Amino acid sequence: MPEIRLEEVSKYYKQENRRIAAVEDINLVIRQGEFVFVTGSSGAGKSTLLQLIHGQLRPDHGSIYLNDTDTTHFRRWGRERYRRQFGYVPQIPQLMRQKTIGENLETVVMIGRRRREGMVQKALGMVGLHGVEDRYPVELSLGECRRVELARAIILSPPVLLLDELTANLDEDAIWDVFHLLDEMNRRGTTIVMATHAKMFVNMMRKRVITLVDGKVFGDVAKGRYGDII
Ligand code: ADP
């Protein structure tokens, strides 16, 4: 079961000939089974942090360890194996519009058709979307599409879920359902790292809250509330 450790991690971007730090000098340990909210205003570095942990971005400085293995210098095969530890929902929806919901989910499952269909149905059922396999993303609401993306992220039961603004387009009832499901999965051992603005729900859940400001960890509070620094 993985523990993720970031040591002195920085990622820089160039914007109009200026170098800006998307995240800078991040030191963090995320233990297996933790539930972590990543908060901060827009541009604070939340997405970058999740993408670095996911291995789709490499840090310009510092290292990311999975247990005691430095993942920073993984080549392709190692990186792909590393990524299988994660279910990831990106901030920008990425369902393929010309494929059905079922086909969108099946692309991540490389096993026989029968078992694959069973897994798709189970994952959709877990996010409260029974029977949408044959529909297309445009036929669903934005909130339903986000839940399909969550289903795709959990279909292979990864030990870690990285969720970027998953609840941004959901109504309150759907947010409740999603948090309930995440809490349940967390109780069963799944690590959850979730970038969110859902203040009310963060305050109710009382989990670890990491607050980023200008790419730096400004607060890291166990059983915290939204915006807690200490
Ligand atoms: P958040 O998720 O908290 O809104 P991001 O991680 O998306 O923050 O962005 C952090 C900073 O990095 C912002 O200033 C953003 O403009 C910049 N940034 C992110 N991605 C890129 C990119 N691909 N190119 C240039 N700048 C970027």
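## Pockets, a cavity and charged pairs

The largest pocket holds about 660 Å³ of space. Of the 23 residues in its lining, Arg83, Arg84, Phe86, Val108 and Leu156 are the closest to its centre. Keep in mind as you look around that this is a predicted model.

Which elements build the lining of the largest pocket, giving at least two residues each? They are helix 2 (76-83), strand 6 (86-89), helix 4 and helix 5. Sorted by class, the lining of the largest pocket comes to 12 nonpolar, 5 polar and 6 charged residues.

The second largest pocket contains about 400 Å³ of space. It has 17 lining residues, and the closest to the centre are Lys122, Met126, Ile154, Ser157 and Met185. Two or more residues of this lining come from helix 4 and also from helix 6 (172-187). Helix 4 gives the most to the second largest pocket, with 4 residues. Here the lining divides into 10 nonpolar, 4 polar and 3 charged residues.

### An enclosed space

Rolling a probe the size of a water molecule over the atoms reveals where empty space remains. How many cavities of 30 Å³ or more does a search of the whole structure find? The search finds 1. The largest cavity holds about 50 Å³ of space. To find it in the model, look for Leu52, Gly55, Leu57, Arg58, Pro59, Ile64, Thr71, Thr72, Arg79 and Tyr82, which line the largest cavity. By class, these lining residues are 5 nonpolar, 3 polar and 2 charged.

### Charged pairs

Side chains of opposite charge can pair when their charged atoms come close. The structure holds 12 salt bridges, and the table shows some of them, with the N to O distance for each pair.

| Salt bridge | N to O distance |
|---|---|
| Glu149 and Arg146 | 2.8 Å |
| Glu149 and Arg152 | 3.7 Å |
| Glu184 and Arg188 | 3.3 Å |

Glu149 is a good place to begin, with a salt bridge to Arg146 and another to Arg152. Glu149 and Arg146 both lie in helix 5, 3 residues apart, about one turn of the helix. Glu149 and Arg152 are also both in helix 5, likewise 3 residues apart, or about one turn. Are these side chains' residues buried or exposed? Glu149 and Arg152 are both buried. For Glu149 the relative accessible area is 1%, so this residue counts as buried. Arg146 is buried as well, because its relative accessible area is 1%.

The pair of Glu184 and Arg188 has another setting. Glu184 has a relative accessible area of 33%, so it is partly exposed. Arg188, at 69%, is exposed. Elsewhere, salt bridges that share partners join Arg5, Glu7 and Asp68 into one network.

Within that network, Arg5 sits in strand 1 (residues 4-15). Why does Arg5 count as buried? Its relative accessibility is 19%, and buried means under 20%. The side chain of Arg5 also makes a polar contact with the side chain of Glu7, at 3.0 Å.

Glu133 tells another story. This residue is found in the loop between helix 4 (113-126) and helix 5 (142-154). Glu133 is buried yet has no salt bridge. How far away is the nearest side chain of opposite charge? That side chain belongs to Arg135, and the distance is 8.7 Å. What the side chain of Glu133 does reach is the backbone nitrogen of Gly131, at 3.4 Å.

### Two residues with positive phi

Most residues other than glycine have a negative phi. Which value does Glu8 take for this angle? Phi of Glu8 is near 50°, a positive value in a residue other than glycine. Glu8 belongs to strand 1. With a relative accessibility of 38%, Glu8 counts as partly exposed.

Asp25 also has a positive phi, near 50°. You will find Asp25 in strand 2 (residues 18-30). Its relative accessible area is 41%, so Asp25 is partly exposed.

Notes. Residues are numbered from 1 along each chain as its sequence is written. This is a predicted model: local features need pLDDT of at least 70, side-chain atom pairs count only at pLDDT 80 or more; totals for chains, interfaces and linings use all residues. Side-chain values use heavy atoms; hydrogens and water are left out. On a 1 Å grid over the protein atoms alone, a cavity is a set of points where a 1.4 Å probe fits but cannot get out, and a pocket is an open set with protein on both sides within 12 Å along at least five of seven lines; lining residues have an atom within 4 Å of a point. Grid points are joined across faces, edges and corners, and a volume is the space filled by probe spheres set on the points. Ala, Val, Leu, Ile, Met, Phe, Trp, Tyr, Cys and Pro count as nonpolar, Asp, Glu, Lys and Arg as charged, and the others, Gly among them, as polar. Buried means under 20% relative accessible area, exposed over 50%, partly exposed in between (1.4 Å probe, protein chains only). Lys and Arg count as positive and Asp and Glu as negative; His and the chain ends are not counted. A salt bridge is a side-chain nitrogen of Lys or Arg within 4 Å of a carboxyl oxygen of Asp or Glu. A polar contact is a pair of N or O atoms within 3.5 Å; within protein, one must be able to donate a hydrogen and the other to accept it, and residues adjacent in sequence count only if both atoms are side-chain atoms.
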